[in-house]
Amino acid sequence: MSGPPLRLPGEHFVAGTLFLLIGAIGVIYAAPALAMGVYASPVVVGVTHLFTLGWLTTSLMGALYQFLPVALGQSIASERVAHATFVLHVGAVSMLVVALVRGNGIVLYASLLTLTVGITCFLANLGVTLHRAERRDVTWWAICCAAVFLGATMVLGAALGINLRTGFLGGVQPLALGTHLHIALAGWVLLVMVGVSHRLLPMFLLSHGGREYFARYAVALIASGAGLLAVLHHVAIIGREVPAVLIGAGVIAFLLQAREFYRKRHRRKLDAGLRLAAGALGLLAVGVPLAAFVLTNPASLRLRTAYVVVLVLACSLFVAAHYYKIVPFLIWNRHFGPLAGTRSLPSVADLYSQPMANAAAALLMLGAVTLIVTVASGLEIGVRIGGVLFATGAAIEAAQMTGIARRRP
Amino acid sequence: MIAPVTDAPLALQVVDAAEIIETDVREDLRAGREPFARIMAARGEVPVHGALVVRAIFEPAPLYRVMAKEGFAHHTERLADDDWRVWFYPDVLVLDVRDMEPPEPLAHTLAALETLADGRTLVQVNVRVPQFLLPKLEERGFAFEIREVAPDRVHLFIRRPSSAAAAPPSTLEKQHYV
């Protein structure tokens, strides 16, 4: 088995970072709608998709291409299909965001079609890879379930997109939107986070010997909850409240697993990436009681919007944190690794400025917290300030990633 | 089956318990019989990366030099005044990378291999199979053997082939025990 290809994850990380930057700037632009809690407004929906499909999904695809050979001993089945998927996905997301914001029907349909083809190709490629993998551990199950829910998200998203022009969903549109959002974030993004971090967190925290069964519970609970939601969302209690409890319990299990890894770590001093990951997990913890509150109370639009912001930003920051671990490693392995043992080489941490990384992580975290608080309280100027802080953090991280990518021996 | 004590040298700890041959010559010594032939016979049964344990009623110091010539280091335990346990294990270089963040294990291992003499073995102790290191070992012509001895413990035996007996990478010993 060869090492990870650089180009395939690399192109995903470049595109993902661009989506993050545009999305962060979009938050500033969407501040009035966010402060009013109008989460269904075109600009908020567009910005949300820059984060979910653009930043998160593109990054997760790239990370999986790099991660699968290490975790499952199986490289992606077809690199050619993966490159084609990338082109389709990035093109489709760009078109979709433009169509959502500007309300262009033809572009919307074209983007939905392209997105469906791209994601279907990705799932087929991933499915073959998972089928070939001999190791069927918690990571395999997490990625396998996540792939199923990405497909479900795509179907629901396409229906919601078509509904924008036809209105065929009628009164069930809010239910479909909530189902789409939760299957996307819990079923797809969170399950990949659970599966991937189950390997990466102990690797980067130097944490071994801790209890690892929490991750199994997390995968089982989240997958059960998302599955029930996907199939029975039209049924009260069993299709909504029960899935909410299952997913909430799964999130708690994931947080307990991460806490175990952090507590059992051998390296006491945390770098910027691992501190940001801990902050993202903290935000995710806030999302659990907030979800319960939103579900059981006739909450205001602003609180519902703040809840979605918590979920999207918690996942976004967790992925942003892992960029500080994955990208330097890829560059080191590609350009410095071949020289290992023949001369003195910089460490991975030497590839970027630690103070700047600390600043980026602090700004991203501060921006996220400011956004959540001000969206919940309806303070437009606060949302703008939060957006500026977040965008500045994202810009510093993007600049650092660019610098790392250009490092050579 | 006997396993090395936990405070044993790392090179002894990486020996698979299933590959340890034990011979007890205390009764021979008490009866005045010469145990050397029996010890050497047991030594002949020791697998490539295995170890030999000898139980004797005194410290068998003369045996140390004999076994050293065979490429074995030793670790001695005095269990009682008339009960000595001596571990003879392959004199390999051991690199414990369990507390290193990737890619430090790769860098340190390749650096250590640069100074490894022909025919010598380096054992990397890791918490996982070092997937990125393996292709680099193949590129550089090292033979390796992976032993996943516990869920969070992997022993990677890396041998620099002797110059005279160097084989192309495709024919090198490459086994994966799971």
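Colleague: How many cavities of 30 Å³ or more does the structure hold?
Modeller: This is a predicted model: local features need pLDDT of at least 70 and side-chain atom pairs 80 or more, while totals for chains, interfaces and linings use all residues. Residues are numbered from 1 along each chain as written, chains are lettered from A and ligands numbered from 1 in the order written, and side-chain values use heavy atoms, without hydrogens and water. A cavity is a set of points on a 1 Å grid over the protein atoms alone where a 1.4 Å probe fits but cannot get out. At 30 Å³ or more, the number of cavities is five.

Colleague: What is the volume of the largest cavity?
Modeller: Points join across faces, edges and corners, and a volume is the space filled by probe spheres set on them. The largest cavity comes to about 360 Å³.

Colleague: Which element gives the largest share of the lining of the largest cavity?
Modeller: Lining residues, with an atom within 4 Å of a point, number 27 here, and A:Met203, A:Phe329, B:Pro102, B:Arg128 and B:Phe132 lie nearest the centre of the largest cavity. Two or more residues each come from helix 3, helix 7 and helix 11 of chain A, and from helix 5 (104-114) and strand 6 (121-126) of chain B. Helices (H or I, at least four residues) and strands (E, at least two) are DSSP runs numbered from the N terminus. The largest share, four residues, belongs to helix 7 of chain A.

Colleague: Which element gives the most to the lining of the second largest pocket?
Modeller: A pocket is an open set of points with protein on both sides within 12 Å along at least five of seven lines. The second largest has a volume of about 700 Å³, and among its 25 lining residues A:Arg199, A:Glu212, B:Val127, B:Arg128 and B:Pro151 are closest to the centre. Helix 3 and helix 7 (173-205) of chain A and strand 7 (143-150) of chain B each supply at least two lining residues. With four residues, the top contributor is helix 7 of chain A.

Colleague: Which element gives the most to the largest nonpolar core?
Modeller: Such a core joins buried Ala, Val, Leu, Ile, Met, Phe, Trp, Tyr and Cys residues through side-chain atoms within 4.5 Å. The largest has 167 residues, and A:Phe122, A:Trp188, A:Phe254, A:Phe390 and B:Leu137 have the most contacts inside it. The top contributor, with 24 residues, is helix 11 (residues 301-336) of chain A.

Colleague: Why does the pair of A:Tyr65 and A:Phe122 tie together parts far apart in sequence, and how many residues separate them?
Modeller: Rings of Phe, Tyr and Trp (its six-membered ring) pair if their centres lie within 6.5 Å; planes under 30 degrees apart are stacked, over 60 edge-to-face, the rest tilted. A:Tyr65 and A:Phe122 are edge-to-face, at 6.1 Å and 75°. A:Tyr65 lies in helix 3 (residues 42-71) and A:Phe122 in helix 5 (residues 105-132) of chain A, so the parts they tie together are apart in sequence by 57 residues.

Colleague: Is A:Trp141 buried or partly exposed?
Modeller: A:Trp141 pairs edge-to-face with A:Trp140, at 4.9 Å and 85°. Buried means under 20% relative accessible area, exposed over 50%, partly exposed in between (1.4 Å probe, protein chains only). A:Trp140, at 7%, is buried. A:Trp141 has 47% relative accessibility, so A:Trp141 counts as partly exposed.

Colleague: What share of the residues of chain B counts as buried?
Modeller: Chain B has six helices and nine strands. Of its 178 residues, the buried share is 50%.
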